[in-house]
Amino acid sequence: MNYYSTNHQSSIASLQEAVVKGLAPDKGLYMPEKIKALPAGFFETIDQLSFQEIAYRVADAFFGEDIEADTLKQIVYDTLSFETPVVKVEENIYSLELFHGPTLAFKDVGGRFMARLLGYFIKKQGQTDVNVLVATSGDTGSAVANGFLGVEGIHVYVLYPKGLVSEIQEKQFTTLGKNITALEVDGTFDDCQRLVKSAFMDEELNAKLKLTSANSINVARFLPQAFYYFNAYAQLKKQGKADNLVVCVPSGNFGNITAGLFGKRMGLPIKRFIAANNQNDIFLQYLETGKYSPRPSVATIANAMDVGDPSNFARVLDLYGNSHENISADISGCRYLDEQIGATMKSCYQSTGYLLDPHGACGYQALKEGLKEGETGVFLETAHPAKFVGTVEAIIGEKVAIPEKLQEFMKGEKLSFELSKEFADFKKFLLQ
Ligand SMILES: *Cc1c(COP(=O)(O)O)cnc(C)c1O
């Protein structure tokens, strides 16, 4: 299948080109030329299939024309070595727990899938020494680094702002070794992102090194996020709760929710979506005014959603033919400030015993307020609360148990190279 750019200036790309390039040359995002509907029979019996089986059917619709069945199956099955269970929080509200992967956040699914797909293409081309550059404010770096750990022919450089990621997050990408190098930049996340962008534009670097990116705009990271929406539907169907389903997605760059919208386009019976925002409510403002006005992000306790110009908004527009009316028919929005997020975490924990993380809390609250008669709501619990242990403990006033996987990372020894925020230093480092 071919991919076009949302800016329609660059030429059509193959899957391999789209994955290796990431962003289209005209700075648009790649979109698949077709979104194939899955047959009604698939949805009738979906509750009898495993997560891996469901995901393979979805992956086949996107990637089946480009990758042999056995290889694709292997990639899907290796990626999904963990479950994404649907857990009842209270009457009619369910949590889709996406935090059972290696780094306890939903980005593990896309990170692992992309690592395997890129690894496959590189091997096929007989390439070695491919360098993946990724700037992170926390969660992306850990998911990408753990996904790519040990993948042959690929070296990953994670750039992160010194002193601005939590200790748990830092340990998840600085203790791995092997083909993962952590670069501790004396600057902000924006500086890290600027260094990566400058590297992609530097002629000398590109002549000497094979560089690619693993950020969320890459189709190989983006599309696999559709898998767990189908799986959530299957689990709710099994319980007789899949009618009039409302899915609420805590959103930052809008990659996760857009993958769900793709699922709906493939025939997944989801009635409507809610995009939950923190104070960075650019999407809500678009819904209310019809105008898209990006602005600098502000810091909140749901920091993975601190995005002032959501990159996947271009995909939402494209999917709905730029129609504000059509977008509004499928998606509503909401915004929660830090005090509201904290109050939600506290009251949900006290009344149901379910511990939310600050991102999932936005999703839960939106369903509490927005579900209508006869609807069932499921929100995506995008990270484990222990990843934000300081914030969560301060809010609920209790100790939070740290899962064993996180404790294992904490035992590792931090290995990182310190860098200034000057591009010349980064370039020198890459070339040596
Ligand atoms: C990345 C992230 C989000 C936002 O997802 P988008 O795809 O960028 O909208 C929400 N919650 C957590 C915990 C994240 O890591």
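**Exercise 1. Are Tyr 160 and Phe 173 buried or exposed?** Then describe how their rings pair.

Solution. This is a predicted model.
- Step 1: Tyr 160 is buried, and Phe 173 is buried too.
- Step 2: recall that a pair of aromatic rings is described by the distance of the centres and the angle of the planes.
- Step 3: the model holds 21 aromatic pairs. One of them joins Tyr 160 and Phe 173, with 4.9 Å centre to centre and 70° between the planes.
- Step 4: planes over 60 degrees apart count as edge-to-face. The pair of Tyr 160 and Phe 173 is therefore edge-to-face.
- Step 5: place the rings on the chain. Tyr 160 belongs to strand β7 (residues 154–161), and Phe 173 belongs to helix α7 (residues 167–174). They are 13 residues apart, so the pair links distant parts of the chain.

**Exercise 2. Find the aromatic cluster that includes Phe 222, then look for charges over rings.**

Solution.
- Step 1: one aromatic cluster is formed by Phe 62, Phe 63, Phe 113, Phe 222, Phe 227 and Phe 262.
- Step 2: go to Phe 222. Over its ring sits the charged end of Arg 315, 4.3 Å from the centre.
- Step 3: find another case. Arg 265 lies over the face of Tyr 320, and the distance to the ring centre is 5.3 Å.

**Exercise 3. Decide whether Cys 362 is in a disulfide.**

Solution.
- Step 1: a disulfide is a covalent bond between the sulfur atoms of two cysteines.
- Step 2: count them. The structure has 0 disulfides.
- Step 3: check the distance. The nearest cysteine sulfur to Cys 362 is that of Cys 334, 7.3 Å away. The cut-off is 2.5 Å, so Cys 362 is in no disulfide.
- Step 4: check burial. Cys 362 has 0% relative accessibility, so it counts as buried. Cys 192 is also buried, with a relative accessible area of 0%.

**Exercise 4. Describe helices α3 and α12.**

Solution.
- Step 1: α3 (residues 51–63) has 13 residues. From first C-alpha to last it reaches 18 Å, close to the 18 Å expected.
- Step 2: list buried residues of α3. They include Phe 51, Ile 54, Tyr 56, Phe 62 and Phe 63.
- Step 3: turn to α12 (residues 255–265). It is mostly covered, with 9 of its 11 residues buried. Among them are Asn 256, Leu 261 and Phe 262.
- Step 4: look just after α12. There Gly 267 takes a positive phi of about 110°.

**Exercise 5. Which residues of the largest nonpolar core touch the most other members?**

Solution.
- Step 1: the largest core has 99 residues. Phe 63, Phe 148 and Phe 230 touch the most other members.
- Step 2: leave aside neighbours within four places in sequence. Phe 148 then contacts residues including Met 114, Leu 118, Val 132, Ile 154 and Ala 214.
- Step 3: another core lies apart from the largest one. It has 34 residues, among them Phe 99, Leu 356, Ala 361 and Ala 366.

**Exercise 6. Explain why Thr 181 and Pro 358 count as buried, and name contacts.**

Solution.
- Step 1: the cut-off for buried is under 20%. Thr 181 has a relative accessible area of 12%, so it is buried. Pro 358 has 0%, so it is buried as well.
- Step 2: Thr 181 lies in strand β8 (residues 180–185). Not counting residues up to four places away in sequence, it touches His 155, Val 156, Tyr 157, Val 158, Phe 417 and Phe 429.
- Step 3: Pro 358 is in helix α17 (residues 358–370). Leaving aside neighbours within four places, its contacts include Ile 301, Met 345 and Phe 388.
- Step 4: Asp 338 is 20 residues from Pro 358 along the chain, and their C-alpha atoms are separated by 8.7 Å.

How values were computed:
Residues are numbered from 1 along each chain as its sequence is written. This is a predicted model: local features need pLDDT of at least 70, side-chain atom pairs count only at pLDDT 80 or more; totals for chains, interfaces and linings use all residues. Side-chain values use heavy atoms; hydrogens and water are left out. Buried means under 20% relative accessible area, exposed over 50%, partly exposed in between (1.4 Å probe, protein chains only). Helices (H or I, at least four residues) and strands (E, at least two) are DSSP runs, numbered from the N terminus. Rings of Phe, Tyr and Trp (its six-membered ring) pair if their centres lie within 6.5 Å; planes under 30 degrees apart count as stacked, over 60 as edge-to-face and the rest as tilted. A charge sits over a ring if NZ of Lys or CZ of Arg is within 6 Å of the ring centre and within 35 degrees of the ring normal. Contact means heavy atoms within 4.5 Å. A nonpolar core is a set of buried Ala, Val, Leu, Ile, Met, Phe, Trp, Tyr and Cys residues joined through side-chain atoms within 4.5 Å. The expected span of a helix is 1.5 Å times one less than its number of residues.
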